[in-house]
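Subject: Structure handover, salt bridges

Hello,

Here is the structure for your set. Please look it over before reading the notes underneath.

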Amino acid sequence: MLGAVNPPVFENSVFTFATAEELGEAVRNEDERYVYWRGTNPTVDLAQRKLAALERGERAKCFGSGMGAISATISSLVSAGDHVLVLGAVYGPTTQFLRYLEKFGVTHTHVRDLEEGDSAIRPSTRLLYFESPSYMAYAVVDIAGVTGWARERGLVTVMDNTWSTPLFQKPLTMGVDLVVHSLSKYIGGHSDLVGGVVVGPARLIRPLALTEYQLYGAAMSPHDAAKVIKGLRTLPVRMAAHQERGLAVAAFLRDHPAVRSVNHPGLPSHPGHAIAVRQMSGFSSLFSLELDTESRPEVGAFLSRLRHFRIGVSWGGFESLVNAPALSTEESVRATMGIPVGLVRLSVGLEPAEVLIKDLGLALEGMSA
């Protein structure tokens with residue numbers, strides 16, 4: 001429009017029509033027609049079309065938060081009496097939401113692998129939910145193998161692909177039915193946005209957009225959609241830099257005597273590295289390490305000694321962040337996921353790798369002081 005390189009932000013909350021008949025037709029198709037901001041908006045719609053294309057999906061629906069997308073997606077697929085299988089470790093609030101659904105008669109079971117899945121599956125099981133790499137442990141799932149297993153048993157699959165972004169991994173091409181993302185992380189990239197998205201076939205996105213999206217009210221604002229669009233423009237450059245710095249920091253930590261293990265799928269020593277290389281085209285910079293300690297105060301002291309890694313709960317921005325689940329995650333959730341006390345999560349930002357490595361080295365010296 002008028003030669004503008006950035007699309008305009010449509011701030012209006014309502015759209016009008018020439019006739020009552022036109023309004024009625026638009027309301028019946030509010031997942032695609034502009035009626036009221038809570039349904040969709042031209043700026044949000046542009047972000048959705050870009051995300052769908054990048055993820056190789058037919059349609060996308062953006063939400064006001066990642067949990068908005070996750071909770072609406074799960075709700076759209078289950079009813080009272082249904083059962084959900086959760087494979088591996090997943091985002092803590094996702095587990096909390098599944099527990100919340102128990103009051104409506106929806107149950108769930110966490111399983112570590114497909115062998116346990118065969119034992120846990122029920123006639124009422126409708127959905128298999130997972131992440132790859134997994135929450136906090138960053139275990140790699142054979143996506144095609146999991147979706148094939150689920151398809152044979154009549155299960156719908158939903159996968160959280162936030163870690164890799166659609167740039168480095170495309171689960172829909174490996175059989176996943178619906179993919180969810182927190183747009184607050186790498187896609188936004190600047191720690192100034194909260195948003196989520198679900199991507200998949202129109203037959204699953206349309207009913208979700210007309211029902212759960214509308215009723216839950218977690219609508220994305222046009223200003224946040226504009227930030228998503230801008231974030232997508234620099235995503236390839238930022239992810240290349242995140243990958244380079246993340247691998248350098250992970251390699252340093254892998255060889256440090258105060259560190260028991262490093263969970264980064266990009267390291268050849270990672271047990272899932274071969275699968276990761278096969279199904280991913282790159283690696284982000286979020287990973288975890290396990291300190292050689294069982295003491296929560298010692299873990300807290302390590303975090304406090306860091307100067308360039310700031311203590312915070314999110315990730316995927318330009319700044320480097322550190323967090324420890326034993327200090328911030330609900331104990332029952334941490335126990336369900338099998339997360340040890342000494343686990344520390346690092347989000348490597350865009351600072352020089354040598355600066356971050358020096359910061360970690362000095363903080364680790366204090367472990368044996």
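The notes below cover charged pairs and the exposure of the residues in them. Please keep in mind that this is a predicted model.

The count of salt bridges comes to 13. Three pairs and one network are described here.

Glu25 and Arg33 form a salt bridge, with 2.3 Å between the closest N and O atoms. Glu25 is partly exposed because its relative accessibility is 32%, between the 20% and 50% cut-offs. Arg33 has a relative accessible area of 31% and is therefore also partly exposed.

Glu116 is paired with Arg112, and here the closest N and O atoms are 2.5 Å apart. Is each partner of this pair buried, partly exposed or exposed? Glu116 has a relative accessible area of 25%, so this residue counts as partly exposed. Arg112 is at 69%, which is over 50%, so this residue counts as exposed.

Between Arg245 and Glu244 the closest N and O atoms are 3.8 Å apart. The pair still counts as a salt bridge because the limit is within 4 Å. Glu244 is exposed, with 54% relative accessibility.

Which residues are joined into one network by salt bridges that share partners? They are Arg260, Glu290, Asp292 and Glu294.

As general background, side chains of opposite charge can pair when their charged atoms come close.

Regards

Key: Residues are numbered from 1 along each chain as its sequence is written. This is a predicted model: local features need pLDDT of at least 70, side-chain atom pairs count only at pLDDT 80 or more; totals for chains, interfaces and linings use all residues. Side-chain values use heavy atoms; hydrogens and water are left out. A salt bridge is a side-chain nitrogen of Lys or Arg within 4 Å of a carboxyl oxygen of Asp or Glu. Buried means under 20% relative accessible area, exposed over 50%, partly exposed in between (1.4 Å probe, protein chains only).
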